[in-house]
Each structure stands twice: as structure tokens, then as C-alpha cells.
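User: Please take a close look at the sheet in this model and at what surrounds the ligand. I would like one connected account, without a summary of methods.

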Amino acid sequence: MGNNDLTETNEIKNIDENNKNNNKDINKKLVKDNNKYINENNENNIVKENIVEIKGLEKSYEKGNIKALNGIDLDIKEGEFVSIIGPSGSGKSTLLNMLGALDVADSGTINVAGYDLSKNKKLDEFRSKKIGFIFQLHNLIPNISVVENVEIPMFEGKLSSKDRRTLALKLLDSVGLKDKAKIKPTKLSGGERQRVAIARALANDPSIILADEPTGSLDSRTSKKILDQLNKMHKEKNVTLIMVTHDMNVAKLADRVIEVLDGKILKSTDNSLLNDNITIEG
Ligand SMILES: Nc1ncnc2c1ncn2[C@@H]1O[C@H](COP(=O)(O)OP(=O)(O)OP(=O)(O)O)[C@@H](O)[C@H]1O
């Protein structure tokens with residue numbers, strides 16, 4: 001091989017080396033750009049998980065004579081606000097009871113916040129850690145103060161008594177009732193009691209709030225206040241909110257309206273885009 005040949009081979013080697021390095025740089029840049037694209041896309045398009053997954057849920061009473069739930073299939077996303085509407089006796093409360101593990105289905109599967117409720121295990125843990133209840137039946141305890149009522153769900157956790165009090169007062173403040181903390185619930189109006197119930201429902205930092213007719217017995221002004229509070233809580237804390245109501249005007253405030261009839265889901269209407277800029281009428 002002559003000198004010229006050697007120089008040529010070395011030049012080719014150099015070019016190869018340069019190309020390799022360039023390719024490495026280009027590849028690195030492509031990977032970086034691709035990751036950036038994926039990250040940006042993920043940020044813009046957060047895929048929300050199902051927090052509720054129900055399949056073929058059935059529940060009968062009176063030895064099978066009353067079919068309260070007759071094959072319910074329902075998925076609810078994390079952070080969604082869903083209302084359940086339907087005529088009296090259609091199965092709304094039965095469905096809400098199943099979601100809170102207050103009743104057990106005859107057949108079908110129900111998964112809520114990572115708990116398989118059909119297995120009938122760890123239900124106490126599930127209720128105390130994952131669910132905030134705003135139910136007429138779970139009313140406030142009359143002979144202890146408002147702030148003590150709000151503290152009740154915190155006893156399952158690890159907070160000191162001082163921290164429990166601070167958090168309870170903060171929650172009462174968020175529903176506009178800090179000044180009523182020391183009095184007994186019997187001295188409150190119906191709407192104020194419902195607001196205390198909202199504060200208490202938030203006390204265990206739940207994943208889901210279940211509300212059964214939260215504005216049922218209230219006048220329209222007080223109902224507006226309660227719905228404002230629920231909406232605020234749902235938006236600020238990204239809590240999944242599932243609310244039973246018989247009032248379509250109230251139901252429509254949710255991201256999705258589920259209509260129930262004869263223990264089945266008749267219709268599911270997505271209102272989320274419609275409700276983005278909603279203001280609640282007084
Ligand atoms: N514990 C029970 N024992 C017997 N029947 C029951 C029981 N709970 C509910 N039911 C019946 O199951 C059906 C569904 O009741 P559910 O309370 O779920 O209806 P709902 O849609 O919530 O009604 P409402 O709007 O009147 O509260 C009804 O026929 C009801 O009478």
C-alpha cells in the first residue's frame with residue numbers, strides 16, 4: 001500500500017468516526033426531543049384512571065321479590081363529578097350504599113379506590129380511609145360540639161389532638177362556619193348542618209365523597225350555598241364526587257348525569273364541557 005493509500009484510509013476512518021459521533025449526537029437529540037414530546041403530551045393529556053369499576057351489579061330485597069339493582073355497569077374516573085338521578089325507588093340509594101360499602105351486592109363486581117368490595121374484606125378500612133359520607137342517616141352527633149363532630153373521622157389517623165383541632169377548624173373555615181365551631185349542632189340551621197357534614201366528610205382526606213340528596217330538605221338559597229361548597233371542594237381538591245339527587249337542575253351541575261330506572265342505567269350524559277364555565281343560579 002502506498003502513502004497516498006494510507007492517507008486515504010486514515011481520511012475515511014476519520015470521516016467514519018465523525019459520522020459515528022454525529023449520528024450519536026443526532027440520536028441523542030432525537031431521544032431528547034422525543035422524551036420532551038412525550039412529557040409535554042402527557043402533561044396536556046393526563047390519562048385519568050377509573051376510581052370506580054362496576055360490572056353486572058345486582059341486589060334484591062324481600063327474598064328476590066324487589067330487584068333494587070338489576071345489572072349495573074358503571075365506570076367513574078378519578079376526580080369526576082357524577083350525579084345519579086331517577087324516580088323514587090329506582091335504586092339510587094342502593095347504588096350509593098354499595099359504593100360506600102354500606103351494603104353488599106348479590107352478584108357482579110364492584111371495585112372502588114383499589115378495593116374489591118365484592119370480596120367483602122377490609123370494608124371498615126375502606127370506609128374510614130377512602131370515603132367521605134354526606135348522608136342524612138349519618139347525621140351529626142347532637143351532644144358534642146360542631147368542631148368535635150368534624151374531628152370524628154380523624155380518629156382513625158395518626159394526628160395529635162392539637163393537629164386534629166387545627167385541621168377541623170380549617171375545614172370549618174372553608175365552609176364558612178369557623179365561628180360556630182364551639183356550639184352544638186342542634187343550634188344550627190339545616191343548611192349550616194349540611195355544611196358541617198361537608199367539612200366532616202373531608203376530614204379523612206377521602207378519595208371519594210358520596211352525597212345522598214345533599215340539598216334535599218333545603219330552600220333554594222341554602223341549596224346554592226351547599227352546591228357551591230361541593231363544587232369548590234371537588235375542583236380544589238380533585239375529589240371524586242358522586243351525588244344522588246331527584247332534582248335535574250342540581251344533577252346538571254355534575255360532569256356526568258347518570259339516569260337510573262328500575263335498577264338499571266337508562267342514560268349517561270356528559271356535561272363536562274358544558275359546565276366548565278358554569279355559575280350556579282341562586
Ligand atoms: N332494606 C331494604 N329492604 C327492602 N327493600 C328495600 C330496602 N332498601 C331498598 N329497598 C327497595 O329497593 C328499591 C330501590 O330503593 P332505593 O332506596 O335504592 O331507591 P331510590 O331511587 O333511592 O328511591 P328514593 O328516591 O325514594 O330515595 C325500592 O323498591 C325500595 O323499596
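Analyst: Two strands are taken to pair if DSSP finds at least two bridges between them. The model is a predicted one, and the account below starts with the strands.

Strand 1, residues 50-61, is joined to strand 4, residues 107-112, by five bridges, and the two run antiparallel. Within this pair, E53 faces N111 of strand 4. Strand 1 also has a second partner: nine bridges connect strand 1 with strand 2, again in the antiparallel sense. Here N50 is placed opposite K77 of strand 2.

Strand 4 in turn pairs with strand 5, residues 115-116, through two bridges and in the antiparallel sense. V112 and Y115 of strand 5 stand opposite each other. Two residues lie between strand 4 and strand 5, which together form a hairpin. A113, in the turn of that hairpin, has a positive phi of about 50°.

Taken together, these pairings give an open sheet of four strands, in the order 2-1-4-5, with antiparallel pairing. Strand 2, residues 66-77, and strand 5 are at the edges; each has a single partner strand, so one side of each lacks a neighbour in the sheet.

Next comes the ligand. The shell around the ligand holds 13 residues, and the closest are Y61, A68, S88, S93 and T94. Strand 2 and helix 2 are the elements that contribute two or more residues to this shell. Strand 2 is thus an edge strand of the sheet and also a contributor to the ligand shell. The largest share, three residues, is from helix 2. Sorted by class, the shell consists of eight polar, three nonpolar and two charged residues.

Helix 2 covers residues 92-99 and is mostly covered, with eight of its eight residues buried. The buried residues are K92, S93, T94, L95, L96, N97, M98 and L99. Two of these names, S93 and T94, also appear in the list of residues closest to the ligand. After helix 2 comes A101, which has a positive phi, near 55°.

In short, the part in question consists of an open sheet with the strand order 2-1-4-5, together with a ligand shell to which strand 2 and helix 2 each give two or more residues. The helix that gives the largest share of that shell is the one with eight of its eight residues buried.

Definitions and conventions:
Residues are numbered from 1 along each chain as its sequence is written. This is a predicted model: local features need pLDDT of at least 70, side-chain atom pairs count only at pLDDT 80 or more; totals for chains, interfaces and linings use all residues. A residue is buried if 20 or more other C-beta atoms lie within 10 Å of its own, exposed if 12 or fewer, and partly exposed in between; C-beta atoms are placed from the backbone. A residue is near a molecule or strand if its C-beta atom, placed from the backbone, lies within 6 Å of it. Ala, Val, Leu, Ile, Met, Phe, Trp, Tyr, Cys and Pro count as nonpolar, Asp, Glu, Lys and Arg as charged, and the others, Gly among them, as polar.
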